[in-house]
Every structure is written in C-alpha cells, then in structure tokens.
Amino acid sequence: MDDKKILFEKTPVPKAMMALAIPTIISQLITLIYNLADTFYVGRTGNPYMIASVSLAYTLFIMTTSIANLFGIGGGGLVSRLMGVNENERAKNVCAYSVYGALVVGAVYSLIIAIFMTPILTLFGASENTMTYAKQYTWLVVVIGTIPIVLSQTLAHFLRNTGYSKQASMGLSGGGIINIILDPLFMFVVFPQGSEVVGAALATLLSNIASMIYFFIMVNKVSKGGTPVSVSLRDRNKAIQRDKKEIISVGIPAAILPGLYDVANIFLNARMAAHGDMQLAAIGTVLKIERLPNAIGIGISQGMLPLVAYNYAAGKKERMNRAISFARNTGIVISICTTVLYEIFAGQIAGAFIATSGGSSAAQATLGFAVTFLRIRALAATVTFLNYHTSYCLQAMGDGRDTLIHSVARQLIFYIPLMLLFDVLFGENGLTWALLVGETLGAVTALIFLRNWKKKTIQ
C-alpha cells in the first residue's frame, strides 16, 4: 500500500487532517500576507485614494479564485473520489481536462476586463480620485496576471487532492514570499514616488508567474511516480463526458461561492462609497484584515475535502464523519479566538495598515471608521467558518445542487438584501452589521443541506 493510500485510509484522522490541512493553512496565511502586503505598503503612503483604489481592483483579482475553484475543486474532488475506487487513469484525464479548462476561461476573463475596465471599475465605486490608480493595478494584476494565478491555484488543488498538500503549500507560499520581498523594493526603491500602486502590482504579477512555473515542474515530477495528475493535451482529450459534467456540476457552485462573495463586496464597496472615500478606504482595509480567520477556515476545509471525498467514495462512513467533526470543531475554536483578538486589538491592527503619523485628518478619520467596522464584522467569524466548512463537505461528496443553492442563498437572498435594508436603517455601520445576520442564516441553511444529503446517500 503506497504512502498516499495509507494517508487516506489508515492514518488516524487527526494526524491525517494535520498532514493535509496544516500545509494548506500555512499557504493560505502566506497568500493572505502577501495580499495584505499591497494594502500595508500602499497604506504607508497615507494616501486614502491609493488605498481605496487597490481595494477596488483587488476585488477583480480575487474573482480569479472562482475560475480556479471551478476546475480545481470541481475536478480535484472528483479525482479524490476516483482514487477512492482505484480509477487512477480516469483521475489523470480529469486533471488534464480541468487544467486546460482553467486556461481558457482565465484568458476569456482577462480579455473581458481589458475591454470593459473603465465601466467595471466605475460600477465598483471608483471615483475621479481613485480611477487612475485602480486601472494601474488592474492592468498588471488582472489583465496580464489572471492566467498565472488561475493555473497556480488549479494545480495546487490537484496536488492537495492527491495527497501532496505540502508541495501545494510550498508553491503558493513561495509565490507569496517573493511578493512580500518585491513589494517594498519596487514601491519605494525602483519606482519614483507616486508610482507605489504600479510597484505593488508588478510585484504581485511576478510572484504569480514564479508560482505557476513551480507548479508545472512539480506536477511533472509527481506524475512520473504514478500520481494521477497531468497537463497533457492527450490526457485532456480522453476525459469522458460523465466526468466533464461532474466537474462542472460541483465546480460551478465552488466557483460561485467566492464569486458571490466578491459580488457582495462589490455591492458593499459601492454602498460604502456613497458615504465617502474615507469610509470606502476603511472597509477595503477591513475586508483584507478579516481574511485571516477566513483563510484559516478555508485552509481547514480544503485540507478536509480530499479525506472526506476519498472515504465517501470508498464507503467508509465512520472515517468520513470523524474527518468532518474534527475539522468543524478545530475551526470553531480558532474562529472564536480570532474574534476575541480583533475585538481587543482592533485599533492596533487597523493602525498597522493606515498611517496616521503625518497628522492627516483624512487618515485619522479613515482609521476611526476601520476600527469600528472591524469590531462589528469580527463577530461573524464563527458562522462564516461554518458556511465554508459545510459547503466544502457538500462539494467533497459531489453534491453540486445543494452547494449551489446554499451559495446563492447566502449572498443574494440573505446578505446583499440585508445590506440594503441595514444601510437605509442604520447607515454605514448598518452595512457592516448585515454580515453577521446574513452569515448566520447561511450557516443554518448549509447545515440543513448537509444533514439531509448524508441521510439520503449514506446508509
């Protein structure tokens, strides 16, 4: 029995979960840090328009995660289930089909953003003061950078779902470390003052290209050892229709999940922009700060997915349920601890991203809004984790229908309408309170779906 089969079938669940989830959490955190690096270093300028512009453009960048999830989670979960029933050749074809699908869809997304950049950024809330900076960041990070980041994330999913979580983590983390190093170099040394946004964007682009190169090398290496991963066009053409449909059926809700999250943030930015550029800069900063508990929760859930998928397909119900429970309990404890820290140290944390040493009244006001928004939104950390955890469970079992319904309900039925209502009733603070209520309703819905699916499919 090979090492990966032992990991999925025999290794005690806590140990197996740590082997799969800890590298994933680390890569999520390092990726988060390098995403925060742009905001941190741009924040050192004390220019609220630069801060707001990076937040606006960053939403477009994060939407590339949806493309990677479409094929990486849709195909990756299927690969784990196929490994559970010893269908490794089909699994390899699924991987190749998914990689080429991610390449094509990523290229189309880049083209759309390039053509419609101005109206899209305007829709997102860009003003006359922020448009130029937002365009600079978007051209480099999104138009040119989508394909490298999409391919990197897609290949990382396949390495993780075949048991190579550590290698997947190294690729994503390595790109993040490169970005952290290049950010201050490009922003404050190479480029002249006033070009900080260009420097941050170029650092992000180059780090993603380096990550993509690593993943192609690693996939080629592990495939020679018999692991069912491939980037071969010939293997792509062997993918059967049934598998293609399953990739899409699970991949679409997996793509919609972060996609709708971004749509909600676009709506939040647009509504907050109506209150002022300082409020917009503040909420943009908070959206990045709160990605810490989100990143940990996603890392736990992504580490759990292959273990649940493999044992679900293999009919090992007890082991699957132990993996689900262990991941859920761990995530709840961590999210509660994060909430407590954010409530206590909101001022210091927000102050690290918004420089006020120059005495600027605009910077001081921006910091005040950020502290208030952070304390309110931090209360939603636990229910947000439960949404991610339960959604990944459904994806691992191949339940695309309920995952899709949950994703749509969570953002379009609960959160966005609540933002509109609370904005009218309570103003800018109401926009932030809507998250807690919306995520709670979403978590309840997801848990009901998971309970019903397990009753229906597992005897």
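## Overall dimensions

The radius of gyration is taken here over C-alpha atoms, and the globule rule is 2.2 Å times the number of residues to the power 0.38. For 459 residues this rule places a compact globule near 23 Å, and the chain, at 21 Å, agrees with that expectation. The model is a predicted one. Along the principal axes, the C-alpha atoms occupy a box of roughly 65 × 45 × 35 Å.

## Fold and packing

The chain contains 19 helices and zero strands. Of its 459 residues, 60% count as buried. Among contacts with a separation of 6 or more, 83% join residues that lie 24 or more positions apart.

The accessible surface of the chain amounts to about 17000 Å². Carbon and sulfur atoms contribute 67% of this area.

## Nonpolar surface patch

A nonpolar patch of about 630 Å² is present on the surface. The residues that form the patch are Leu103, Val104, Val108, Leu111, Ile112, Ile115 and Phe116.

Phe116 is located in the loop between α5 (88-115) and α6 (117-124). The relative accessible area of Phe116 is 43%, so this residue is classed as partly exposed.

## Salt bridges

Side chains of opposite charge can pair when their charged atoms come close. The whole structure holds nine salt bridges, including the three described below.

Glu246 pairs with Arg81, with 2.8 Å between the closest N and O atoms. This salt bridge links distant parts of the chain, since Glu246 belongs to helix α12 (residues 241-273) and Arg81 to helix α4 (residues 64-84), 165 residues apart. Glu246 is partly exposed because its relative accessibility is 25%, whereas Arg81, with a relative accessible area of 7%, is buried.

## Pairs at short sequence separation

Which residue meets the side chain of Arg322 in a salt bridge? The partner is Glu318, at an N to O distance of 3.2 Å. Both residues belong to helix α15 (residues 317-351), and because they are four residues apart, about one helical turn separates them. Arg322 is partly exposed at 39% relative accessibility, while Glu318 is exposed, with a relative accessible area of 59%.

A further salt bridge joins Asp402 to Arg401, whose closest N and O atoms are 3.0 Å apart. Is each partner buried or exposed? Asp402 has a relative accessibility of 4% and therefore counts as buried. Arg401, in contrast, has a relative accessible area of 55% and is therefore exposed.

Terms used. Residues numbered from 1 in each chain as written. Predicted model: local features only at pLDDT ≥ 70, side-chain atom pairs only at ≥ 80, totals over all residues. Heavy atoms only, no water. Patch = residues over 30% accessible without salt bridge, like charges linked within 9 Å, V, L, I, M, F, W, Y side chains within 5 Å. Areas by Shrake-Rupley, 256 points an atom, 1.4 Å probe, with all protein chains shown as cover. Salt bridge = Lys/Arg side-chain N within 4 Å of Asp/Glu carboxyl O. Helix = DSSP H or I, 4+ residues; strand = E, 2+ residues; numbered from the N terminus. Buried < 20%, exposed > 50% of the residue type's maximum accessible area, 1.4 Å probe, protein only. Contact = heavy atoms within 4.5 Å.
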